[in-house]
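Visitor: I should like to learn how to read a ligand site and an aromatic pair. May we take them in turn?

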Amino acid sequence: MFSERIGRLDGDAHAPLYRRLQRALREAIHAKVLGPDDALPAERDMAEEFKISRITVRKALDGLVSEGLLTRRQGAGTFVAARVEKNFSKLSSFTEDMISRGRTPRSEWLSKAEGSVTPEESMTLGLSPGTPVYRFNRIRYADGAPMAVEYSTIAAFCLPSPEAVGVSLYEALEKTGHRPVRALQRLRAVLFTAEQAGLLGVAPKDAGLLIERRGFLKDGRAIEVTQSYYRGDAYDFVAELNAQT
Ligand code: 16G
């Protein structure tokens, strides 16, 4: 019985049923009760087992599909996502993305340094030349597998020192009240250089995705510019689009 694996839907009795089902599934993925590529039962079977409507099951699964936690395969059903599917419309951190998928994030530091903006960064961040910044360069891992190399530049006024960043940059920024609330992202296909390939354990000229994120504070100031080079074989970017009405 599936309910024996993911538990019952009691949880928060005030939450709507679809949310309770989402929570049970999220927790099961988090606790690795459900692993990558595991198939979920058919929607009608889940509805019957949990004594809820099929519409409720569908609504719960739709939400988790758009979060990137589950994936639907035409004619085959719904599965726990194996490649990391990242929702492109949510401003989250690498650490949060991995934890919500039941993966364990880890970073290997390439460098943590103080500096001042380059002419290019001064344009991107709208900071006057010479403004102090901190630079954080890391290899990002999920469950021990390298996923991305990231090069971040943060306006120095946002953090007491580069050492303030431990596992998560956004956690450190949150603590000082400087976590970005809005971001612009640009995505481009790249071929890894020999150096990047070496860091990620792939072959030179393997395909990758470069995502450049510019992060802004509530007051509109840009404080982050990060270039993330993701392994092309590990990541899917998912975006939900709505027609203009
Ligand atoms: C993500 C962001 C990156 C941000 C980092 C913070 C993308 C494409 N990039 O990797 O801009 O700096 O998360 O992660 O999503 P952290 O808080 O785990 O250090």
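Visitor: Which helices and strands each supply at least two residues of the shell around the ligand?

Guide: Please note that the model is predicted. The elements that each supply at least two shell residues are the helices α5 (94-100) and α7 (169-175), together with the strands β5 (132-142), β8 (207-216) and β9 (222-231). The largest share, 4 residues, comes from β9.

Visitor: How many nonpolar, polar and charged residues does the shell have?

Guide: By class, the shell has 5 nonpolar, 6 polar and 6 charged residues.

Visitor: Which of the 17 residues around the ligand come nearest?

Guide: Those are Thr-95, Glu-150, Ser-168, Leu-169 and Glu-224.

Visitor: How should polar contacts to the ligand be read here?

Guide: A polar contact is a pair of N or O atoms within 3.5 Å. In this model, a polar side-chain atom of Thr-95 lies 2.3 Å from an oxygen atom of the ligand. Phe-94 takes part through a backbone N or O atom, placed 3.0 Å from an oxygen atom of the ligand. For Tyr-230, a polar side-chain atom lies 3.3 Å from a ligand oxygen atom. The ligand on its own has 460 Å² of accessible area, and the protein covers 100% of this.

Visitor: Where does the ligand sit?

Guide: The ligand sits in the largest cavity.

Visitor: What describes a pair of aromatic rings?

Guide: Such a pair is described by the distance of the centres and the angle of the planes. Here the count comes to 3 aromatic pairs. In one pair, the rings of Tyr-151 and Tyr-229 have centres 5.9 Å apart and planes at 80°, so this pair is edge-to-face. Tyr-151 belongs to strand β6 (residues 145-155) and Tyr-229 to strand β9, so that the pair links distant parts of the chain, 78 residues apart.

Conventions
Residues are numbered from 1 along each chain as its sequence is written. This is a predicted model: local features need pLDDT of at least 70, side-chain atom pairs count only at pLDDT 80 or more; totals for chains, interfaces and linings use all residues. Side-chain values use heavy atoms; hydrogens and water are left out. A residue is near a molecule or strand if one of its heavy atoms lies within 4 Å of it. A polar contact is a pair of N or O atoms within 3.5 Å; within protein, one must be able to donate a hydrogen and the other to accept it, and residues adjacent in sequence count only if both atoms are side-chain atoms. Accessible areas come from the Shrake-Rupley method with a 1.4 Å probe; for residues, only the protein chains shown count as cover. On a 1 Å grid over the protein atoms alone, a cavity is a set of points where a 1.4 Å probe fits but cannot get out, and a pocket is an open set with protein on both sides within 12 Å along at least five of seven lines; lining residues have an atom within 4 Å of a point. A molecule sits in a cavity or pocket if more than half of its atoms lie within 2 Å of its grid points. Ala, Val, Leu, Ile, Met, Phe, Trp, Tyr, Cys and Pro count as nonpolar, Asp, Glu, Lys and Arg as charged, and the others, Gly among them, as polar. Rings of Phe, Tyr and Trp (its six-membered ring) pair if their centres lie within 6.5 Å; planes under 30 degrees apart count as stacked, over 60 as edge-to-face and the rest as tilted.
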